[in-house]
Amino acid sequence: MHNLLILGGTTEATAFANAAAEAGIAGTVSFAGRVERPKRQPLPQRIGGFGGVQGLVNYLVAHQITHVIDATHPFASQMSGNAVVACAQAGVPLVALTRAAWVAQPEDRWAAVPDISGAVAALEQPARRVMLAVGRMHLAEFAPNPQHFYLLRLVDAPKDPPPLPNHHVLVSRGPFTAEDDGALMQAHDIDLVVSKNAGGTGAYAKIVAARALGLPVLMIDRPAIAARTEVTTVAEVMAWLGHAGADRGV
Ligand code: NAP
């Protein structure tokens with residue numbers, strides 16, 4: 001009898017939760033609590049941090065979790081690292097449902113930076129009109145470069161104004177289309193896009209739009225995460241769980 005803990009906050013986590021619910025597999029979807037209205041899940045959900053590795057170990061034991069599915073965002077490295085250590089300590093099998101990183105196409109004009117600090121350093125240049133697609137949590141780190149106009153697309157309206165004197169906030173959860181993102185970039189006269197290399201389809205529209213418009217992209221590489229079992233499809237997670245629905249492609 002399964003009792004899954006699904007570490008969520010992504011489209012992939014919701015897709016897997018749907019498949020698990022359809023297959024009658026029990027589990028809980030966990031959110032950090034970063035967004036005001038997390039997407040409704042077909043399984044019970046919990047919200048908030050566990051309290052580090054020890055808190056997660058305690059949770060796994062107290063709730064008799066049989067398997068952990070880490071379907072967090074590729075940049076949620078703290079949570080993913082904690083899951084590796086806590087699952088090893090608690091003896092609970094762990095699989096990560098990940099997505100391949102985006103790879104530059106011949107027409108792409110990407111400059112890779114290793115992390116957010118690298119992106120901030122690369123923006124030490126005369127004023128540009130930047131679409132800054134790094135999420136709400138990292139905006140303050142860009143304060144050392146106040147010379148730029150920043151177009152910020154966020155899931156929730158910020159509670160405090162971002163510390164960037166020249167910005168425009170757009171509240172939208174997506175999914176987005178390349179056509180709409182291209183029109184948005186043109187409407188704001190964007191000449192540089194800053195993006196995490198999230199992988200997957202949900203956030204790719206802006207990359208396609210930048211390509212079509214010939215715009216440069218400052219692409220932030222993914223953080224390293226400890227070795228773990230990784231798969232890229234819902235069906236592979238089902239197979240890993242030993243569930244019969246796997247061969248039907250659920
Ligand atoms: P993070 O830096 O790796 O995590 C920081 C702390 O937040 C973790 O140590 C954990 O607290 C808590 N946490 C993170 N994800 C959690 C989850 N699914 N359930 C319960 N607690 C969680 O994470 P992050 O980058 O801030 O991302 C937070 C959430 O937003 C994740 O669910 C992620 O999938 C989603 N998300 C992130 C991004 C991104 O660009 N980073 C983009 C889209 C969605 P404790 O140590 O107290 O357990």
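Start by selecting the ligand in this predicted model and showing what sits around it: 22 residues, with Gly 8, Ser 30, Phe 50, Met 79 and Lys 196 coming nearest.

Now colour those neighbours by type. You should get six nonpolar residues, 13 polar ones and three charged ones.

Next, switch on the secondary structure. Strand S2 (27-31) and helix H3 (77-90) each give the shell at least two residues. Which element supplies the largest share of the shell? That's H3, with four residues.

Time to zoom in on the ligand's oxygen atoms. Pick Gly 8 and look at its backbone: a polar atom there is 2.7 Å from an oxygen of the ligand. Move on to His 73, where a backbone N or O atom lies 2.9 Å from a ligand oxygen. Then try Gly 52, which has a polar backbone atom 3.1 Å from an oxygen of the ligand. Turn on a surface while you're here: on its own the ligand has 810 Å² of accessible area, and the protein covers 77% of that.

Zoom back out and colour the chain by domain. Domain 1 takes in 3-100 + 224-248, while domain 2 is 109-220. Their C-alpha centres are 28 Å apart.

Last stop: the place where the two domains meet. Here eleven residues of domain 1 are in contact with twelve residues of domain 2. The area buried between the domains is about 1,000 Å², and carbon and sulfur atoms give 48% of it. On the domain 1 side, select Arg 34, Glu 36 and Phe 75: these lose the most area to domain 2, together 48% of what that side buries.

Conventions. Residues numbered from 1 in each chain as written. Predicted model: local features only at pLDDT ≥ 70, side-chain atom pairs only at ≥ 80, totals over all residues. Heavy atoms only, no water. Near = heavy atom within 4 Å. Polar contact = N/O pair within 3.5 Å; in protein donor to acceptor, adjacent residues only side chain to side chain. Areas by Shrake-Rupley, 256 points an atom, 1.4 Å probe, with all protein chains shown as cover. Nonpolar A, V, L, I, M, F, W, Y, C, P; charged D, E, K, R; others polar. Domains from an automatic or database assignment. Contact = heavy atoms within 4.5 Å. Buried area = accessible area lost by both parts, 1.4 Å probe.
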